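Visitor: Got a minute to walk me through this one? I'd like to get my bearings before I go back to the bench.
Guide: Sure, pull it up and ask away.

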Amino acid sequence: MDCLGFEKSKSPTLVLDIGNDTTHSFIVSSAGVEASRPIPQGLEAMVPVVQKELGLKDCAWTGYVDEADLPASLLRCDALAVTLLPAAQGLLWPSKLGLVMSLPRPILWIGPTDGAIARMLREFPHAGIFPPGQATEIADWLCALKAGGGSISAAQVFDPAAHRARSLAAWRELFAKLV
């Protein structure tokens, strides 16, 4: 945690670092960390409470999934979410995005809506693209998916003609740069 960011703070701030099993609480002020304490509950204890409060009956929070089990794990989902902080735009590509794009499931993108990833995802009819903070719009999109069945056919993900045309265009562009 960067305590220097609190140098100009006029009042103490409570910071929570929430893990699966424990939460570490910190009281931070312009003087630095004033107090710190572990709490013996983490996400595993909180998620069921939040699910109940929000009425999320078919929602699961899972921890790390081994790479070999990841596709099967994702296929158990009705929709797949990928996020990117706006500050990271142009600096990285969410590693699971490539896999998510190849699976026959709706894609929920929460991140910059004006970048290359959002432009690419707009080509997918089963992608919902939202900036951070659009909880109501995301909930409406998810409810519409649920009402429509949620799952999509593999043909909607893999349009061989479209993928072939894009691949050929990319190769032509690459060869043009070399010649």
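Visitor: In what order do the elements of the chain run from the N terminus on?
Guide: Starting at the N terminus, you read β-β-β-α-α-β-α-β-α-β-α-α-α. That makes 7 helices and 6 strands in the chain. Keep in mind that this is a predicted model.

Visitor: OK, predicted. What's the mean pLDDT of the chain?
Guide: The chain averages 78, and 78% of its residues reach 70 or more.

Visitor: And which elements have the lowest and the highest mean pLDDT?
Guide: Helix H6, residues 154–157, is the lowest with a mean of 56. Strand S6, residues 127–130, is the highest at 93.

Visitor: How much of the chain counts as buried?
Guide: Of its 179 residues, 26% do.

Visitor: Switching to aromatics. How many aromatic pairs does a search of the whole structure find?
Guide: Just 1 turns up. The partners are Phe130 and Trp141, arranged edge-to-face, with 6.0 Å centre to centre and 65° between the planes. The pair ties together distant parts of the chain: Phe130 belongs to strand S6 and Trp141 to helix H5 (residues 135–147), 11 residues apart.

Visitor: Are Phe130 and Trp141 buried or exposed?
Guide: Buried, both Phe130 and Trp141.

Visitor: Now the outside. Which residues form the nonpolar patch on the surface?
Guide: Leu14, Leu16, Ile18, Ile27 and Met46, and together they have about 420 Å² of accessible area. Strand S1, residues 13–18, gives the most to the patch, with 3 residues.

Visitor: Take Ile18. Where is it found?
Guide: Ile18 is in strand S1.

Visitor: Why does Ile18 count as partly exposed?
Guide: Because its relative accessible area is 36%, and partly exposed covers the range between 20% and 50%.

Visitor: What about charges? How many salt bridges does the search find?
Guide: There's 1 in the whole structure. Here the side chains of Glu173 and Lys177 meet, at 3.8 Å from N to O. Both residues lie in helix H7 (residues 160–178), 4 residues apart, about one turn of the helix.

Visitor: And Lys177, why does that one count as exposed?
Guide: Because Lys177 has 64% relative accessibility, and exposed means over 50%.

Visitor: Last thing, cysteines. How many disulfides does a search of the whole structure find?
Guide: The search comes back with 0.

Visitor: So are Cys77 and Cys143 exposed or partly exposed?
Guide: One of each. Cys77 is partly exposed, at a relative accessible area of 30%. Cys143 is exposed, at 53%.

Visitor: Great, that covers my list. Thanks!

Definitions and conventions:
Residues numbered from 1 in each chain as written. Predicted model: local features only at pLDDT ≥ 70, side-chain atom pairs only at ≥ 80, totals over all residues. Heavy atoms only, no water. Disulfide = S-S within 2.5 Å. Buried < 20%, exposed > 50% of the residue type's maximum accessible area, 1.4 Å probe, protein only. pLDDT = per-residue confidence, 0-100. Helix = DSSP H or I, 4+ residues; strand = E, 2+ residues; numbered from the N terminus. Phe/Tyr/Trp six-rings, centres within 6.5 Å; stacked < 30°, edge-to-face > 60°. Patch = residues over 30% accessible without salt bridge, like charges linked within 9 Å, V, L, I, M, F, W, Y side chains within 5 Å. Areas by Shrake-Rupley, 256 points an atom, 1.4 Å probe, with all protein chains shown as cover. Salt bridge = Lys/Arg side-chain N within 4 Å of Asp/Glu carboxyl O.
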